[in-house]
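Reader: I'd like a close look at one part of this structure, and then how the rest sits around it. Could you walk me through it in plain words?

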Amino acid sequence: MVTALTLGISVSAHAATIQISMENMVIAPLETSAKVGDTIEWINKDILLHTATARNGDWDVVMPPKKTVTLVLKKAGTIDYYCRFHPNMKGTLTVAP
Amino acid sequence: MFLRMSAAIAAVSLLSGAALAQGAKPSDPQIAHIAYTAGVIDVAAAKQALAKTSNKDVKSFAEDMVRDHEAVNKQALDLVKKLKVTPEDNDTSKSLSKNATAKLAELDKLKGADFDKAYVANEVAYHKAVDSALETTLIPSASNAELKSLLQTGLKIFQGHEQHAEHVAAGLK
């Protein structure tokens with residue numbers, strides 16, 4: 001019980017930065033877990049414009065070629081997302097509260 | 001349908017066999033020219049579609065074609081400039097361009113759903129042909145490593161285009 005409380009406090013004190021890359025028309029990793037308050041670093045390693053667009057409308061990140069764009073996660077949920085320009089590119093982000 | 005099939009077959013044989021049959025494999029300057037020409041052709045087809053379509057999926061697909069092919073072609077131009085290679089016109093590029101002009105004229109006569117179906121069907125066939133040519137001829141024949149790498153990147157992108165086109169085509173049925 002005490003251990004769980006301690007863990008709870010130390011986890012929420014540090015928001016994590018998590019990297020998701022788009023390279024060679026592939027999202028990696030395909031499935032990512034995060035929590036509210038974490039920052040996603042979307043790294044576009046391709047020569048093309050990509051997006052990370054949440055199907056539920058929560059966010060729509062546009063990533064210019066060879067650039068990294070950050071997104072702070074504000075809402076919990078299991079979010080399927082895709083690239084609007086290359087709809088075969090799909091991933092899932094599970095955001096814990 | 002028969003017209004589209006034969007156009008696709010013609011494109012494949014031009015790219016992979018007949019036009020290159022007379023000699024050795026294509027040189028790097030010829031490969032650069034063929035790849036660039038193939039991209040220019042798809043941008044022109046997309047611009048025709050953007051002018052004619054009112055279907056949002058077709059419009060979205062055509063915008064992707066313009067965006068992606070212009071980006072790849074820009075990379076190709078930057079690369080040949082860096083390598084001091086001058087793209088060399090050749091029979092394959094000429095045939096591709098000639099067929100593309102004929103296809104634009106054919107599609108120009110269509111409108112509405114007929115245009116949409118024909119445009120997307122041709123995009124499927126065209127990307128299949130270009131992907132096949134990249135895999136069987138252009139990539140294996142490329143001597144310069146950076147050119148080969150760019151062609152491989154192009155192949156990944158254009159395979160995605162093929163799938164996207166197939167998906168749009170299915171939605172138009």
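Author: What follows starts with the strands of chain A and ends with the helices of chain B.

A bit of bookkeeping: residues count from 1 along each chain as its sequence is written, while chains are lettered from A and ligands numbered from 1 in the order in which they are written. This is a predicted model, in which local features need pLDDT of at least 70 and side-chain atom pairs count only at pLDDT 80 or more, though totals for chains, interfaces and linings use all residues.

Let's begin with the sheet of four strands in chain A, an open one with the order 2-1-4-7 and mixed pairing. Strands and helices here are DSSP runs numbered from the N terminus, at least two residues of E for a strand and at least four of H or I for a helix; two strands pair if DSSP finds at least two bridges between them. Strand 2 and strand 7 (68–72) of chain A are the edges, each pairing on one side only. On average, neighbouring strands of this sheet are turned by 20° against each other, direction ignored; angles like this run from 0 to 180 degrees between N-to-C directions, and axes are lines fitted to C-alpha atoms, for helices over the stretch in contact.

Now zoom in on strand 1 (residues 17–23) of chain A, which runs parallel to strand 4 (residues 39–44) of chain A, with six bridges joining them. Strand 1 of chain A is also joined to strand 2 (residues 26–28) of chain A, antiparallel this time and by three bridges. Ser21(A) shows both pairings nicely: its bridge partner in strand 4 of chain A is Ile43(A), and in strand 2 of chain A it is Ala28(A). Strands 1 and 2 of chain A make a hairpin with two residues between them, and Asn24(A) in the turn has a positive phi of about 55°. Farther across, strand 4 and strand 7 of chain A pair in the antiparallel sense over five bridges, with Leu71(A) in strand 7 as the bridge partner of Ile40(A).

Chain A has an open sheet of five strands too, in the order 3-9-8-5-6 and again with mixed pairing. Its edge strands are strand 3 (31–35) and strand 6 (60–63) of chain A, each pairing on one side only. Here the twist averages 20° from one strand to the next. Strand 5 (residues 50–54) of chain A runs antiparallel to strand 6 of chain A, joined by four bridges, and His50(A) stands opposite Met63(A) in strand 6 of chain A.

Strand 8 (residues 77–82) of chain A contains Tyr82(A). Tyr82(A) counts as partly exposed because it has 17 C-beta neighbours inside 10 Å; the scale calls a residue buried at 20 or more other C-beta atoms within 10 Å of its own, exposed at 12 or fewer, and partly exposed in between, with C-beta atoms placed from the backbone. Leaving out residues up to four places away in sequence, Tyr82(A) touches Thr53(A), Arg55(A), Pro87(A), Met89(A) and Lys90(A), where contact means C-beta atoms, placed from the backbone, within 7 Å. Tyr82(A) and Ile27(A) are 55 residues apart in sequence, yet 9.0 Å apart in space, C-alpha to C-alpha.

Chain B has six helices and zero strands. Of its 173 residues, 39% count as buried. Among contacts in chain B with a separation of 6 or more, 82% join residues 24 or more positions apart.

The largest nonpolar core has 39 residues, and those with the most contacts inside it include Ile31(B), Val58(B) and Leu138(B); such a core is a set of buried Ala, Val, Leu, Ile, Met, Phe, Trp, Tyr and Cys residues joined through C-beta atoms within 7 Å. Helix 5 of chain B gives the most to this core, with 12 residues. Another core lies apart from it, with 15 residues, among them Ile40(A), Leu73(A), Ile79(A) and Val95(A). So Ile40(A), the bridge partner of Leu71(A) in strand 7 of chain A, turns up in that core as well.

Notes
Two residues are in contact if their C-beta atoms, placed from the backbone, lie within 7 Å.
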